[in-house]
Amino acid sequence: MVTLKPINKKEAALYLGYGKNEPDPVILNLMDECEGPLQEACHPSFCYGIFDVQMCSEERVVLSECDLELTGKDIGKLLSGCEKAVLFAATLGSGVDTLMRKLQVGNMPKAILTDAMAGAAIEQICNDFQEELAVQFPNMKQTMRYSPGYGDLPLAIQGKLLETLSAGKRIGLNVTEGNMLTPLKSVTAVIGLRDITKEEERSRLKDMMDSDAVINAELSVGDCSREACAGCAFAAKCHKNDNR
Amino acid sequence: MKNDRIKILDGAMGTRLQAMGLPLGGIPEVWNITEPEKVTSVHASYLAAGSDIVYTNTFGANSYKMRDSGYTVTELISAGVANARKACADYPGSKVALDVGPLGKLLSPLGDLSFEDAYELFREQVVAGKDADLIVIETMTDLYEAKAALLAAKENSDKPVFVTMSFEANGRTFTGTSIECMALTLSGLGADAIGFNCSLGPAELTPMVKKLYELTELPIVLKPNAGLPDPVTNQYNVSAEEFADCIGELLPYGLIAAGGCCGTTPEYIAALKAKAVAFAEEEKRTDLPEKRKVTGICSSTDAVWFSEPRVIGERINPTGKKRFKEALLNGDMDYILSQAISQVDAGADILDVNVGLPGVDEKEMMVRVVKELQAIVNVPLQIDSKMPEVIEAALRIYNGRALVNSVDGEEKNLTSILPIVKKYGAAVVGLTLDEGGIPTKAEGRFAIAERIVKRAEALGIKRNDVQIDCLTLTASAEQAAVAETLKALAMVHDRLHTGAVLGVSNISFGLPNRELVNSTFLTMALQNGLTLPIMNPNSEAMMGALRAYRLLMNLDQHAMAYTEAYKDFVPAKADAKPGATTPAGSVADETEAKIRSELGDKAAELYAAVLTGRAERGELLADELLSEGDPMTMVNGVLIPALDTVGAGFEKGRIFLPQLMLSASVVQGVFGRVKEYMAKTGQEQVSKGLIILATVKGDIHDIGKNIVKMLLENYGFTVRDLGRDVDPQVVVQAAKETGAPLVGLSALMTTTLGSMEETIRALKEAGLNCKTVVGGAVLTPEYAERIGADYYGSDAKATVDIAREVFHC
């Protein structure tokens, strides 16, 4: 069972376009009111698989014992030099979707706050997972989380990624015709793992891990095909949040 | 042999095929055709270990999952059945079960697959698997999907059907279905056996099996995993012996079939077979728990047992409600849904749904309203209609077990309605009237009740699934009849032993202080055996009477619910003015000063209430202003200027989206009061113009569209909301029908921008000269122009400005 910590309201405020501003007390109170029902509606869970990177070229990545091929320059760049790739999927569960539908009928202010807070919650599940992963693989350095739809990694691999993880069976996560994840508050991602005990890799690693460089190179408004900033590893740095 | 009923099923298939070289994420069903020997060898290994029934390798063999497989469903399933049959040839008496798993796509409202399409996908599988001996629907986590599959199986095959669902450790499936809801829904729909498979090991499933045993009369099927998987190695942690020991203990609990799911091998099946053989021979008796006698109904997540009085909310019904009638005629779903939410929040256990109104296609509307309701509320529904075809359509798409309101003693109704109730496994209200009308005397009503119960029982509907309505007559018209209703209630309770329904509020029609009469009558009726009052849960007096009744009858033990409800109770003071609250600090700005001088203090305070987001205060002030003056003055003189002030702050970055929405919701509330006022005074609603909104095909994120909708309505526009995942042709059709001058399209992902472009093209090709405005997180003004949109709405406020420009207001 995955447990959810108190929701990071600063993160939620960021998704709501507050930037550096603090929400006023009325809004903060409303957020507090939203937290209970949201926590109750959340049944967070995740699953993952760790695969050897069999081949990694500039255009595509092949993982061993797995029918999923990752295509695009960006994923090639991300996983270059990585021994392993982690396929990861997480969801807050369908209860949050039901809560959101109800709030959108009865209380739009709470609906948008809950939406942003749910985004912060799934983000937190992802971060916690990456921390666990770090403990599990102390000698491996993780790349950033990279999701289908970022840069040129096709969103269309979403279904195959879930099949590979049996995510439907394990955590109830599915895709729609349009490759959207259902339940809605869900994330899938690829994380590269690189052995840092290899001395000669270290300096090169430093450059590669500078995720700001990757973001600035790959993302500008209009390029990103993510549905929302919530749960996106770029959220804090993305242009979209600059002027919302 | 004493207990030889138990059949041994097989173990895992997918993992065995992977061990033989099927890659992760590969399609196992394709091997039915490309590697038939390997698939057959897996079946054979389980038969050799003792399986009586093997599941075909067709778990995911539906058109959706197989779309890229290169084979048709019929090819894959026929081959799958043939492989299993071939393996069975050496084991006389062994059976082939057509395995039907989840579709791999969530049903609406969770996903984008309609119930009807899901049924069609399952139907195709059932037909393709006609040569199997039985059908197993397994690993279901969505009760709605399980229902579609079960209906498809029952309607297209006469083979026995097992349905097993997968539960998490918290006793619910991924979509929130509880064991109670599974038992109530699937038992009613005619499954031959139900149970559990996958997700957990036998130890975790043990308490669930025992619980299910109490909840259903049906035999139970169990196919657990070999324990829980290690997250890293994916190895399961329960040995074959432990597995068999654990299930062995459960065999007396109504089990009819047992096997293994993920992580199990022939070794597990052999161990299990040994247990079943020993069980068949032994005399040992287990003290089994009693089956639950009380009946209940459920949504997909919440069961309501008729073990004590339950409130049925009466407000979703146009009778005598002008505003509701108007909402039905205009398809104003938000109003109907808000009635549902307020009743549930007030404590309704069940919601009655009646949408019968001249000028409204009742069947279509019923299906629409039931689908919308079950997407947002968790309480079960009571389907209220006189028309068999409406009842059937609603029961078919209902996600759970419903109560039907109602059948009466008239012969043609008994013959047309009861079979539908039986088919869909619903409970039913029996009205004590017939061709001869309502009998005056209690004895006459009782006789009809008895007749209805007999007819229901003859069809296999259980007695306790019939809830008798002894009918409330209006006290002001027929004062002496009240006693007859109460007497009939008592007779039904004492002699017929069924539950009893009663529409309580009718009693006071035409009298002053209706709540007093209603709550007194409610208490009297409860005392005489009423179990399901149909009433307005928003009536504090009636809910109070019910709470007190539950307390006094020791149903609310230790008065927990009562004290919780009244912990902040303060006796009303005689001189208190209802609703008078202290005004918060005023928002001194020029606009406010101007409104104060032109329209007075109350108008200025309403302006401030919008700015500060105080909804209750806003509605109270609106009511006062409406009683004094013209609604349009209030709308144009106060609400719009307030929205403009907030909007300007939003544009300048001084106010953020949540505050904007808070103000918008105050205005929404005030508009609700205006609509109520207009309906009451018979005035026509004034609209600034009609705008169509839709989230485009393929996109199911619609919060952005809903924000825009709310703000547009705030400014007095009428919005026809087509929802999410809307086909371009549906938009064209709506634009044609309504002649709306502006169509707003929303998309949240780059992948669905194509649908947006397609929709705009379709509108142009249809020769419609409406303008289009597009918006969404990933859109840019350049892109909007490229796809031919007339306007780009960067946010909700900007979209309102565009609408004002288009409509010149």
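A:Cys82 counts as buried, at 7% relative accessibility. The model is predicted, and its count of disulfides over all chains is zero. Aromatic pairs, in contrast to disulfides, do occur: the structure holds 15 of them over all chains.

**Cysteines**

- For A:Cys82, the closest cysteine sulfur is that of A:Cys56, at 7.5 Å, which is too far for a bond.
- B:Cys261 is also a buried residue, with a relative accessible area of 9%.
- The sulfur of B:Cys261 has its closest cysteine sulfur in B:Cys198, 3.9 Å away. A disulfide requires the two sulfur atoms to lie within 2.5 Å, so the pair B:Cys261 and B:Cys198 is too far apart for a bond.

**Aromatic pairs**

- The 15 aromatic pairs are counted over all chains. One of them joins B:Tyr566 and B:Phe569 in an edge-to-face arrangement, with 5.9 Å centre to centre and 90° between the planes.
- B:Phe569 has a relative accessible area of 58% and is therefore exposed, the cut-off being over 50%.
- In chain A, ring pairs link four residues into a cluster: A:Phe46, A:Tyr48, A:Phe88 and A:Phe129.

**Charges over rings**

- B:Lys105 places its charged end over the ring of B:Tyr64, at 4.8 Å from the ring centre.
- B:Arg292 lies over the face of B:Trp305, and the distance to the ring centre is 4.2 Å.

Key: Residues numbered from 1 in each chain as written. Chains lettered and ligands numbered in written order. Predicted model: local features only at pLDDT ≥ 70, side-chain atom pairs only at ≥ 80, totals over all residues. Heavy atoms only, no water. Buried < 20%, exposed > 50% of the residue type's maximum accessible area, 1.4 Å probe, protein only. Phe/Tyr/Trp six-rings, centres within 6.5 Å; stacked < 30°, edge-to-face > 60°. Lys NZ or Arg CZ within 6 Å of the ring centre and 35° of its normal.
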